[in-house]
Amino acid sequence: MTENEIYAILSGVKYPGFSRSVVELGFVQRVAIEGDRIVVDLEIPASSAEIARALREDTARALTAAGHKNAVLNIAQPQAQTSSRGKNLAPHIKRFVMISSGKGGVGKSTAAVNLAVAAAMRGKQVGLLDADVYGPNVPRMLGLENARLDTRADKVTPPLAYGVKAMSMGMILEPSQALIWRGPMIMKAIEQFFTDVAWGELDALFMDMPPGTGDAQLSLAQCVPVSAGIVVTTPQSVALDDAKRGLDMFVKMRIPIAGIVENMNGFICPNCHTEHDIFGKGACEALAREYGTEMLAQIPIEPAIRKGGDSGRPIIYDQPSSETAKRYLIAADRLWTFLERSEGDNAGIQPVN
Ligand SMILES: Nc1ncnc2c1ncn2[C@@H]1O[C@H](COP(=O)(O)OP(=O)(O)OP(=O)(O)O)[C@@H](O)[C@H]1O
Ligand SMILES: [Mg+2]
């Protein structure tokens, strides 16, 4: 029996709720063979005892199946306030905001772009990382599809649009280049977004995630301490529990939840400017209460939002006096209050109210 054999067995143990193994995710801290006993130390980012229990059972089962009954498994769950596991590949960036959803096409990228531009309009130093390596669409939404990067220097300088420094796989690859990448390559690419991009000093980096609640999110959380998670959902997704999956993922990864953006609820008539309720209100608020978080914004279905995305002119910038732009701006302010309050909490200062 060798340590490599043990690693091979652990490579078959998936982290509960994710498709990658504890080895791939870098959660195995140590494997030791002490006489006829195996010792495995794991460090996981989750707070919940349930995940640790499931992991303990799965690991024991895998080792026993391979004939190793005498194993000691230590699972450490650091009590950090953020997803940080002590690692920050981009220390010049003060805060990392992850925008995620349980389901595709609900408006994550639209929300990420408009929130980032809103924060920039408030005078913050802001970056936007398109972490959707398979379907990057931030470049188009910011009018940067023709941006060419100078890759001769040590670090790539992110192009600026509407006061936001943006970086995306879409700026590196030709649009038609099909991405048939495997997990480890994506992890490497995500790491390079932090180590090889000259972000400079930022108040916050917004991270637009691919749909789903899995590996890309976990990879990011391993690179930087995520200060806030935002779930974007539609009223239908709430009914289908997709929104819950997004929230559960943040809970699992110990990412503080800043709030929910409910998108495509209601319709503001372009002629009479009346807001029509389509799906009924309330389900999302109830969900926010259940998770002890708040509604950051309720954004109606509005043709101008899609047009703004397609033409690279975000509605927040293009039509700042529209109802939707106002709501995104309020959402950005709420997010900022959340960020500053949680920093106060971390510093042991009691927030006022
Ligand atoms: N409130 C809205 N009103 C009208 N159109 C919208 C609204 N929100 C988003 N859209 C449009 O819906 C489409 C999907 O939005 P978006 O790309 O932001 O979703 P996504 O969650 O990032 O998708 P994916 O999961 O593929 O990354 C886009 O064409 C966008 O312009
Ligand atoms: Mg998207």
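In this predicted model, the C-alpha centres of domain 1 and domain 2 are separated by 34 Å. Domain 1 covers residues 3–76, while domain 2 takes in residues 96–346.

A good place to continue the tour is ligand 1. Around ligand 1 there are 20 residues, and those that come nearest are Gly104, Lys108, Ser109, Thr110 and Gly309. By character, the shell around ligand 1 holds 10 polar, 6 nonpolar and 4 charged residues. Several elements contribute to this shell: at least two residues come from each of helix H3 (108–121), strand S10 (257–268), strand S12 (295–301) and helix H10 (303–311).

Strand S10 also deserves a look for its pairing with other strands. With strand S9 (residues 228–233), S10 pairs in the parallel sense, over 5 bridges. Here Ile257 of S10 has Gly229 standing opposite. S10 and S12 run parallel too, joined by 5 bridges. In that pair, Ala297 in S12 is found opposite Val261. Both S10 and S12 thus appear again, having each supplied at least two residues to the shell around ligand 1.

The pairing of S10 with strand S11 (residues 275–276) is antiparallel, over 2 bridges. Glu275 in S11 stands opposite Ile268. S10 and S11 form a hairpin with 6 residues between the strands, and in this hairpin His273 adopts a positive phi near 60°.

Key:
Residues are numbered from 1 along each chain as its sequence is written. Chains are lettered from A and ligands numbered from 1 in the order in which they are written. This is a predicted model: local features need pLDDT of at least 70, side-chain atom pairs count only at pLDDT 80 or more; totals for chains, interfaces and linings use all residues. A residue is near a molecule or strand if its C-beta atom, placed from the backbone, lies within 6 Å of it. Helices (H or I, at least four residues) and strands (E, at least two) are DSSP runs, numbered from the N terminus. Ala, Val, Leu, Ile, Met, Phe, Trp, Tyr, Cys and Pro count as nonpolar, Asp, Glu, Lys and Arg as charged, and the others, Gly among them, as polar. Domain bounds come from an automatic or database domain assignment. Two strands pair if DSSP finds at least two bridges between them.
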